Amino acid sequence: MPGYHLVGSCNGLHCGVSEIPEGYRVCFWNKATRVISIESPTLSFSPGIGRRTMFGFGYDPSSDKYKVVAIALTMLSLDVSQKTEMKVYSAGDSSWRNLKGFPVLWTLPKVGGVYLSGTLNWVVIKGKETIHSEIVIIYVDLEKEACRSLFLPDDFCFVDTNQF
């Protein structure tokens, strides 16, 4: 689909996001049947001087709905004050909903959320990235639409596969 970049694929359904001046729009399509959904309502976040936005796409078996989660880390001013927002959209809904429970300061990854058993998962760095930063998995339970974090074991060794 021209103008869209792929966010994820689940059970043969693809999700794409298009950036527009007002924010973002999401569309779903099934390549096998060539059916394309109508665009979602516009997704917008708090105004700021810079923003990093990440998306994840998955399936909630309890409601039998496909959901998109958007996370935005917005730089509000030059003094490095930041705001983190998380929103969810279910296929066929008329609006995006705010998710609660997302930690305030995280360094967001460069890849989208990974879908696993009704959850979307991201590996993030707690706070600002330093040599002593703590690596954490945050996940969104698509049924409860709640965000939680999992701390890695103390002896966990993280290897950046981009180096190879």
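## Surroundings of Gly48

In this predicted model, Gly48 touches Thr74, Met75 and Leu76, when residues up to four places away in sequence are not counted. Gly48 itself is found in the loop between S4 and S5, and its relative accessible area of 45% makes it partly exposed, because that class lies between the limit of under 20% for buried residues and the limit of over 50% for exposed ones.

A further relation across the chain concerns Lys83, which is 35 residues apart from Gly48 in sequence, while the two C-alpha atoms are 9.1 Å apart in space.

## The four-stranded sheet

Strands S1, S2, S3 and S4 form an open sheet, arranged in the order S1-S2-S3-S4 and with antiparallel pairing. Strand S1, covering 5–10, and strand S4, covering 35–36, stand at the edges and have a single partner strand each, so one side of each is left without a neighbour in the sheet. In general, the strands of a sheet pair through backbone hydrogen bonds, and the pairing may be either parallel or antiparallel.

At the S4 edge, the partner is strand S3, residues 23–30, which runs antiparallel to S4 and is joined to it by two bridges. Within this region, Asn30 stands opposite Val35, a residue of S4.

## Aromatic pairs and their cluster

The structure holds six aromatic pairs. One of them is formed by Phe28 and Phe57, whose rings lie 5.6 Å centre to centre with 35° between the planes, an arrangement that counts as tilted. This pair links distant parts of the chain, since Phe28 belongs to strand S3 and Phe57 to strand S5, residues 50–60, with their positions 29 residues apart in the numbering. Both Phe28 and Phe57 are buried.

The rings of Tyr89 and Trp96 have their centres 5.2 Å apart, and their planes stand at 35°, so this pair is likewise tilted, given that the tilted class covers angles that are neither under 30 degrees nor over 60. Tyr89 has a relative accessible area of 4% and is therefore buried, and Trp96, at 13% relative accessibility, also counts as buried, because the limit for that class is under 20%. The residues of these two pairs come together in one aromatic cluster, which is formed by Phe28, Phe57, Tyr59, Tyr66, Tyr89 and Trp96.

Key. Residues are numbered from 1 along each chain as its sequence is written. This is a predicted model: local features need pLDDT of at least 70, side-chain atom pairs count only at pLDDT 80 or more; totals for chains, interfaces and linings use all residues. Side-chain values use heavy atoms; hydrogens and water are left out. Two strands pair if DSSP finds at least two bridges between them. Rings of Phe, Tyr and Trp (its six-membered ring) pair if their centres lie within 6.5 Å; planes under 30 degrees apart count as stacked, over 60 as edge-to-face and the rest as tilted. Buried means under 20% relative accessible area, exposed over 50%, partly exposed in between (1.4 Å probe, protein chains only). Contact means heavy atoms within 4.5 Å.
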